[in-house]
Amino acid sequence: MTRFVLRRILAAIPIGLIVTLGVFALVFAMPGDPLRELAGDKPIPAAVLAAKRAQFHLDDPFIVQYLLSMKDMFTGHFGTTFAGADIASQLRLRIPVTLKLATLSLALQWIAGLLFGLYAGFRRNGVVDRMLLLSTLVVLAVPGLVLYFAGQFLFGVQLKWLPVSGITEGYPLAYLLPATCIAITGFAGMARLTRTSIVDTANADFVKTARAKGLGEQRILWRHVLPNALLPVVTLMGIDFAGIFAGAVLAESIFNLPGLGQFLFQSIRFHEGGVVVLLSTLAFVMFIAINLVVDIVYGLIDPRVRNV
Amino acid sequence: MRRATGVLGVALGLALVLSSCGDGKSSGGAGSGAKSEVIAIAADPLDYINPLNENGSPGIQVAQAVFAPLVATDPNTGKTVNVMAESVTPDKTSQTWTIKLKSGNTFQNGQALTAKDYVDSWNLTAQGSTAWKNNGFFSKVEGYDAMNPPTPDGATPKPTSVKTLSGLKQIDDLTFSVKLKVPFSQFGLTLQYLGLAPLPEEVRKNPDAYKRKPIGNGAFKLDGAWNPGDDIKLVKWDGYKGPNAPEADAITFRFIPNADTAYNEFLAGNVDFVDVPPTKIKTFKTDAPDGWVTATSSGANYLTMPAWDPRYKNPKLRHAFSMAIDRKAFADLVGLATPSNGLVSPDMDGYRPDACKYCTFDPTAAKQLLAEAGGFSGAVNINYNTTSATGQIFAEAIGNMLRQNLGLTVKYTGKQGSEITQLADTRKLDGLRFSGWGHDYPSIEDYLTPMFKSNGDANFSGYNNPELDKVLAQGDAEPNPEKAIKLYQQAEDIALEDMPLIPLYAKQNAYLHSAKIMPRVSKYTGVQALYSTFK
């Protein structure tokens, strides 16, 4: 197992370099001058432009800028954004916000997705199954933006059950509405996959064999159906967790949550290559770690894939 | 699929019904205490409070509460009144200005406010290496070029040992003088710009250490620590002795980057004041029937001609473009806006409602002018800002008018705003673009000099007319305000005849306020939540 983990971590290093270089190149290639973007319509004196360019190494060649930002990242000298925000304190503020949002939304999404998926899978063509089909169709058809604003208006403005935006109400109250909105958009995929997987597995030959052998239904369910049916669901959970960062961009922007997604959005807008790379690296490390966990869990559920 | 569409329709219908059920009245009461208010600002949170390094609305709004200017505009009369200044006196030529401060004013740390604070704060800002946004303001002061040797864009500036402006002189504890490079009769008005506020000595020594704990001289100070992500909470500072103190005892600035979310926070009764975003222009009066105000914004919007493209050089062609535009229809499309008939904002002294001869919608005359100009070769390209929700819509509206009324071929190019600015600055932009300008001090000169003087800060079109430069210089040298305005109006006439910018519209801003406050509304100073009266 240790060799397996080490091998995965070593393999991540070159991928990480390619990812960070690619992301930095994309931000670098964005048209427009980041300092002028910051100033809006107002003119910036040449002397100020020159001083800012020197401060942020914007006149250096691409590769020098990339290496300098990697150096800053690995030495922990994050510095400030072009606008003057201290990046380290921004990270201290924002990482907990995104983690709280991510864990709450995933918990809601997984619980609802698994419960509905399992129930619908075992009670095929029943009322719950049909309702699930219908509700997931609706969820998949409604754009996230519409769902988020509709939720905000209904539960925040009209009913006043939950805060409209911001984190002043604290955890979990301030996070409940955005987390529920994210969970609703992610719930459809999880529920449908669980249902289909349960149906497929319940009809598999080995289940029929188990039943023919005279095994009890409870044993068939817990010992044979669930472990096999949940394999693809675990994969989806891993992808969900790793992708929550991307999902947070929209939710954090609309619900004014000062998390990493909002920071990433601002940084891309202002062409902050260094910050975007820093946040992308964080996301990448999280992705690698979660993939590793998923692989380990896979092994625990299914002995066939152990130590592959 | 049909079933899904049906359900979606029901869901959206429900949302619409629910939204129309809103009574729109905010209960207000967002802040605690009798005279406290929460002001929503639809922008990214501030990273620091330093007026000398701020030239955008969000930062200046907060700075306005914490810092006090030398002079200000009286909201009732539009005249300039002294705030920190006892007197502002020009010499005969308006080139050297003597500023005497009122005695007894202090900073919020108890340190006396002196002339040295102004001189040293301005020198610090004028130094290019400090990289503060209001550096350019001091370019009019003698000695600026020695501190900031002219450097081509993209080149590294040469190091300089000059650390002070030769034109700034401290005369005594409360008096200092400013010698300008050339006479400038409007300089007294510029002193109300908050970007010229003083910083106390301890802040000047280490500005970074005070980014989040400003020491101002204004009516409010920070209420406790202000950490990243926090709202900015201010309480009344008893040491403020200037005129025109706000009525509020406490103010909270809440930064909400998404303007629609900020609007929803108002509807939920969580904030007392909010700007109406463009998406709500059609509905805000019904959303908050008892709590909205509007005012003409201090700004004007234009269609900008590229002076570097010979195809657009003939003024007759520009007049043709201008007369092919139905400004009334365009202003209706913008929403809360009025058609422009001149180059300066309608709320300025010296604004003339009939200044522009070529701003009347007359397709026949426009066609005639285009023919006299020899027509136009190729397609008219209209650049629009892709980060603006309305950029493409406005571009297509103007494009359709040029196409229908002049028979021109039109194409559109969407780019980020900063890329458009950069291409225009380097004279490489192909075609037309939109631009807008709002003044930093209330003088029509602050429209004409930046946008039309050959070396103006915001000369969007690359326009250059020595005759206009000469008339502007005469206005700058004219000490009599009425005569100066006449000269500036002459400069406006020249610019309108050459028409490097086609006037389009003046926008009105709309705001919502809770039942407990009434924001100050003035023709001269606009709508200000900071100066709200409490019910």
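**Entry 1: the surroundings of B:Asn135**

I looked up what B:Asn135 touches in this predicted model, and, leaving aside neighbours within four places in sequence, I found contacts with A:Pro45, A:Ala47 and A:Val48 of chain A and with B:Thr125, B:Ala126, B:Gln127, B:Gly128, B:Tyr144 and B:Asn148 of chain B. I then placed B:Asn135 in the loop between helix H3 (115–126) and helix H4 (144–147) of chain B. I had asked myself whether B:Asn135 is buried or exposed; its relative accessible area is 0%, and because buried means under 20%, B:Asn135 counts as buried. Two of the listed neighbours appear again when I look at polar atoms: the side chain of B:Asn135 reaches the backbone oxygen of B:Thr125 at 3.4 Å, and a polar contact of 3.5 Å joins the side chain of B:Asn135 to that of B:Asn148.

**Entry 2: B:His439**

Next I turned to B:His439, which I found in the loop between E17 and helix H14 (445–452) of chain B. B:His439 has a relative accessible area of 17% and is therefore buried. Which side chain makes a polar contact with the side chain of B:His439? I noted that of B:Tyr447, at 3.0 Å. Not counting residues up to four places away in sequence, B:His439 touches B:Ser298, B:Asp347, B:Met348, B:Asp446 and B:Tyr447.

**Entry 3: backbone angles**

I kept in mind that most residues other than glycine have a negative phi, and that most peptide bonds are trans. Against that background I listed A:Asn125, whose phi is near 65°, a positive value in a residue that is not glycine. A:Asn125 sits in the loop between helix H5 (87–122) and helix H6 (127–141) of chain A, and with a relative accessible area of 55% this residue is exposed.

In chain B I noted B:Arg427, which has a positive phi of about 60° although it is not a glycine. B:Arg427 lies in the loop between helix H13 (417–425) and strand E17 (432–437) of chain B, and at 37% relative accessibility B:Arg427 counts as partly exposed.

I also checked a peptide bond: the one joining A:Tyr171 and A:Pro172 is cis, with omega about 0°. A:Pro172 belongs to the loop between helix H7 (144–158) and helix H8 (173–202) of chain A.

**Entry 4: helix H12 of chain B**

I wanted to see whether the length of helix H12 (residues 391–406) of chain B agrees with its number of residues. At 1.5 Å a residue, the 16 residues should span 22 Å, and the end C-alpha atoms are 22 Å apart, so the two agree. Among the buried residues in H12(B) I wrote down B:Gly391, B:Phe394, B:Ile398, B:Met401, B:Leu402 and B:Leu406. Just after H12(B), B:Gly407 takes a positive phi of about 70°.

**Entry 5: the nonpolar cores**

B:Leu402 came up again when I looked at the largest nonpolar core, which has 139 residues; B:Leu402 is one of those that touch the most other members, together with B:Leu70, B:Trp122, B:Phe176, B:Ile232, B:Phe253 and B:Phe321. I followed B:Phe176 further and, leaving aside neighbours within four places in sequence, found among its contacts B:Trp97, B:Ile99, B:Leu101, B:Tyr118, B:Val119, B:Trp122 and B:Leu168. There is also a second, separate core of 23 residues, and this one includes A:Tyr148, A:Leu162, A:Met237 and A:Ala251.

**Entry 6: chain A**

I chose A:Ile87, in helix H5 of chain A, which is buried, with a relative accessible area of 5%. How many residues along the chain separate A:Ile87 from A:Leu278? I found 191, while their C-alpha atoms are separated by 9.9 Å. Not counting residues up to four places away in sequence, A:Ile87 touches A:Phe78, A:Gly79, A:Thr80, A:Thr81, A:Val275 and A:Leu278.

From the unreviewed UniProt entry I copied the feature "transmembrane region", whose spans in chain A include residues 101–120 and 175–193. In the model, residues 101–120 of chain A are 100% helix, with end C-alpha atoms 28 Å apart; residues 175–193 of chain A are also 100% helix, with end C-alpha atoms 26 Å apart.

Last, I looked up confidence: the mean pLDDT of chain A is 86, and 97% of its residues reach 70 or more. Within chain A the lowest mean, 74, belongs to helix H2 (residues 34–39), and the highest, 92, to H7(A).

Methods
Residues are numbered from 1 along each chain as its sequence is written. Chains are lettered from A and ligands numbered from 1 in the order in which they are written. This is a predicted model: local features need pLDDT of at least 70, side-chain atom pairs count only at pLDDT 80 or more; totals for chains, interfaces and linings use all residues. Side-chain values use heavy atoms; hydrogens and water are left out. Helices (H or I, at least four residues) and strands (E, at least two) are DSSP runs, numbered from the N terminus. Buried means under 20% relative accessible area, exposed over 50%, partly exposed in between (1.4 Å probe, protein chains only). A polar contact is a pair of N or O atoms within 3.5 Å; within protein, one must be able to donate a hydrogen and the other to accept it, and residues adjacent in sequence count only if both atoms are side-chain atoms. Contact means heavy atoms within 4.5 Å. A nonpolar core is a set of buried Ala, Val, Leu, Ile, Met, Phe, Trp, Tyr and Cys residues joined through side-chain atoms within 4.5 Å. pLDDT is the predictor's confidence in each residue, from 0 to 100. The expected span of a helix is 1.5 Å times one less than its number of residues. UniProt positions are given in the numbering used here, feature names are shortened, and annotations may be inferred rather than shown by experiment.
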